Each structure stands twice: as structure tokens, then as C-alpha cells.
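Visitor: Please take me through one strand of this model. I want its side chains, its partners and what packs around it.

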Amino acid sequence: MIRKREDTPIADKNALRKQVLARRDQLGVAERRSLSERIAKRLLALDSYGSASCVMAYASFGSEFETGEFIADALARGKTLVLPRVERDSRVLQLYQVRDPARELIAGVWGIPQPRADLCPLVPASQLDFVLVPGVAFTRHCERLGYGGGYYDGFIRGLTRRPPLVAAAFSVQILPALPVSGRDQYVDCVVTENAEYRRPE
């Protein structure tokens, strides 16, 4: 079991990221697609998603949960779809409405697809009703280990109104404990192909 400590050296987190990402990368393409479909089915059935008018997601990259079905469903239901754009200079996420992913997304920082600022309107975070949050690893108590940039931790800390924060992850990304600190932000629900975990009240 990974021991949880309040002041964890960055090296410990980086080593853990490498372990979990290697485990996720080992999933075959067909298996990852099948698991993503099962996760998406659970996500789309959430009451918090169904009632949301403005939904923030992200364009999946590499071996992440494939968000394509989720994004397509949000657009098909007429929801306002918001995707983040990483601004490295200011180290923040800028939020943009995306209506046509095929036309309005380009490869951004680290090759991750993100909105074109010249085609997509900005959306204030206060309009969000539901947020799909990426991450490397999670616990059943909805603790989160991100990719190390701190973008989503800063984004969540800056929310003046907190909408439901939901993460989608393969079961291989669920760990018994994480070395989180006071700066690390939790999510409200983690959805895997087999289960839904909610943060204790």
C-alpha cells in the first residue's frame, strides 16, 4: 500500500505517476476502447450530467479514457460544451465553448487537442454545471493525482461556485491511497468501468 503523507517529495509523486501511466499504457487499444465505452455509459447516466446545461470536458490524449463519446453526447443533447486551453505563461486553464471539435481543435501544449482561441468564445467558469476532470490516479475516496502541472488543482481552487467534479478512470488507475498534500484538490465522484466512487460527506 502507498503510504499517505502530507508533505510528499515531488520525486515520490513522479515515481507514482510513472508506475500508473505504465499500467494504463499496457492496456491494448481494443481493450481501452471497450473500457471507455463502459465508463461513458456510466457517465452519461449520472443525474448531475443529465441536468447540466453547461458541461466542461477535455479532449483525451494518449492512453487516457476516450472522451469522444462523452463530447458527442453533450453536443447531441444541446448542452454548452466547454474545453480547456492550457496557457503556459500564466499557468492557467482558459475555457472555450466548442461546437465543432473536428474544426475547432488543434494540437496544443504536449500535443493535447485544445480549442482554437480564434474560433471559440470564452466561457466563464461560473457558468459550468458539470466538470469532467482528467488525472493519473485516484482513490475510492476521490483523491486525485494529476499530471504534475498543477493546472486543474489551480482551476478547482479558483472556482467561486463548485459544480460537480467527476473523473473518469480505468480501474487500473484506482489506488488504495495517494500521497496528497493540502494543495491537491479532490473530485466529487470517480467513475470506472465497474464502479462509481463518491467522496465521503
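Guide: What follows starts at one strand and works outward. The model is predicted: local features need pLDDT of at least 70, side-chain atom pairs count only at pLDDT 80 or more, and totals for chains, interfaces and linings use all residues. Residues are numbered from 1 along each chain as its sequence is written, and side-chain values use heavy atoms, with hydrogens and water left out.

The strand is S6, residues 130-133. Strands are DSSP E runs of at least two residues, helices H or I runs of at least four, both numbered from the N terminus. Phe130 and Leu132 point one way, Val131 and Val133 the other. In a regular strand the side chains alternate between the two faces of the sheet. Phe130, Val131, Leu132 and Val133 are buried. Buried means under 20% relative accessible area, exposed over 50%, partly exposed in between (1.4 Å probe, protein chains only).

Now the partners. Strands pair if DSSP finds at least two bridges between them. S1 (residues 54-56) runs parallel to S6, joined by two bridges. Here Val55 stands opposite Phe130. S9 (residues 165-168) is also parallel to S6, with three bridges. Val133 faces Ala167 there.

Next, the packing. Leu132 is among the residues that Leu43 touches, beyond four places in sequence; the others include Tyr49, Phe65, Phe70 and Val191. Contact means heavy atoms within 4.5 Å. Leu43 and Phe155 touch the most other members of the largest nonpolar core, which has 56 residues. Such a core is a set of buried Ala, Val, Leu, Ile, Met, Phe, Trp, Tyr and Cys residues joined through side-chain atoms within 4.5 Å. Helix H2 (residues 29-44) gives the largest share of this core, five residues. Another core, of eight residues, lies apart from it; Leu16 and Val136 are among its members.

S6 also helps cover helix H4. Phe70, Ile71, Asp73 and Ala74 are the buried residues in H4, residues 68-76. They lie on the same side of H4, because they cover an arc of only 160° around the axis. That arc is taken over the directions from the helix axis to the C-beta atoms. An α-helix has 3.6 residues a turn, so residues three or four places apart point the same way. The cover over these H4 residues includes S6, S1, H2, helix H3 (47-50), strand S2 (80-87) and helix H5 (101-104). After H4 comes Gly78, whose phi is positive, near 80°.
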